[in-house]
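Here are my notes on the model you sent, set out as numbered points so that each can be checked against the coordinates. I begin with a pocket and its lining, and then turn to the strands.

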Amino acid sequence: MPLPGVEHIVVVSSGKGGVGKTTTAVNLAVTLAQEGRTVGLLDGDIFGPSVPRMMNLSEAPLVDERNMMIPLLNYGVKCLSMGLLVDTGPVVWRGPLVMSAIQRLLKGAAWGPLDVLVVDTPPGTGDVHLSLSQHVPIAGVVLVSSPQAAALDITKKGAQMYRTLQVPLIGLVENMSHVVCDRCANEIELGENLVDRYTRELEVELLARVPIEKDVMRCSDAGTPVCLKFPTSLAANAYTSVARKVIEFLDSKHGTK
């Protein structure tokens, strides 16, 4: 069933943890807003929510007269996260509670009107992914992986899961792909050019190659997306490329330009 007031839902998925999925989701959402779209960001990582820190949010959301949560707004993006609803302790829940929480964040919030709702999902292929695909129409998935074979193998499994669920794959973001020398601007590759082979096998587009930059980590920790703090950085340019390709993909679904 469509989410009221939300035109498109885009899932950011990694399969494996620690590859920069949330950083990608945050900067994608903010860049989409800079590109003129009305955007929401849902933190679907119930056990390890990190969107509040990266988006510099800490207050609990208010509730309107319909008992619907009102997403917090920062950097032009509406946000909700389990990290805003519970204390700082760990969330120790079984599957049914996790799925219930996702439903509450999705359908118990006044998201609309939105052009795009970006959903940051947890690692793996479990309850959250299934619950999303079963309860709301997903326009497409942005895959995120670092260039190591171990990460790409797990990302491939996630891609196959979404294909089985008949959810379109928008493309792959190769995160932490290389380092650029501060002195000579030479690119130092960290992988073994495995990404090209995996994108061919998956028949998906490589959306961008995001380098390792210290400013990305500093901005994430400070709660200011790098695309805003350092808009001309290599990472910001990569996220702009991803956002524009996502827009092109979504517009093509409606036959618009």
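1. The residues that line the second largest pocket comprise 9 nonpolar, 5 polar and 2 charged residues. Please keep in mind while reading that this is a predicted model, and that the values quoted here are computed from it.

2. The space in this second largest pocket comes to about 230 Å³. Its lining is made up of 16 residues, and those closest to the centre of the pocket are Thr23, Asn175, Met176, Val216 and Met217. Two or more lining residues come from each of strand E9 (169-180), strand E11 (206-212) and helix H7 (214-222). Which element gives the most to the lining of the second largest pocket? That element is H7, which supplies 4 residues.

3. Turning to the strands, I would look next at E1, which spans residues 6-13 and is mostly covered, with 7 of its 8 residues buried. E1 pairs with strand E7 (residues 114-120) in the parallel sense, and 6 bridges connect the two. Within that pairing, Val10 stands opposite Val118 of E7.

4. E1 also pairs with strand E8 (residues 140-145), again in the parallel sense, here over 4 bridges. A residue pair to inspect in this case is Val11 with its bridge partner in E8, Val141. As background for reading such pairs, side chains in a regular strand alternate between the two faces of the sheet.

5. Is strand E6 (residues 77-81) largely enclosed or largely open with respect to the rest of the structure? Because 4 of its 5 residues are buried, E6 is largely enclosed by the rest of the structure. The cut-off behind that reasoning is that a residue counts as buried when its relative accessible area is under 20%.

6. E6 has a parallel pairing with strand E2 (residues 39-43), formed over 5 bridges, and in this pairing the bridge partner of Gly40 is Lys78 in E6. Strand E5 (residues 72-74) is joined to E6 by 3 bridges, and these two strands run antiparallel. Lys78 of E6 appears here as well, since it is the residue that Leu73 stands opposite.

7. Finally, I would draw attention to the turn between E5 and E6, which together form a hairpin with 2 residues between them. Tyr75 lies in that turn and has a positive phi of about 55°.

Key:
Residues numbered from 1 in each chain as written. Predicted model: local features only at pLDDT ≥ 70, side-chain atom pairs only at ≥ 80, totals over all residues. Heavy atoms only, no water. 1 Å grid on protein atoms, 1.4 Å probe; cavity = no way out; pocket = protein on both sides within 12 Å on 5 of 7 lines; lining within 4 Å. Points joined across faces, edges and corners; volume = space filled by probe spheres on them. Nonpolar A, V, L, I, M, F, W, Y, C, P; charged D, E, K, R; others polar. Buried < 20%, exposed > 50% of the residue type's maximum accessible area, 1.4 Å probe, protein only. Pairing = 2+ DSSP bridges.
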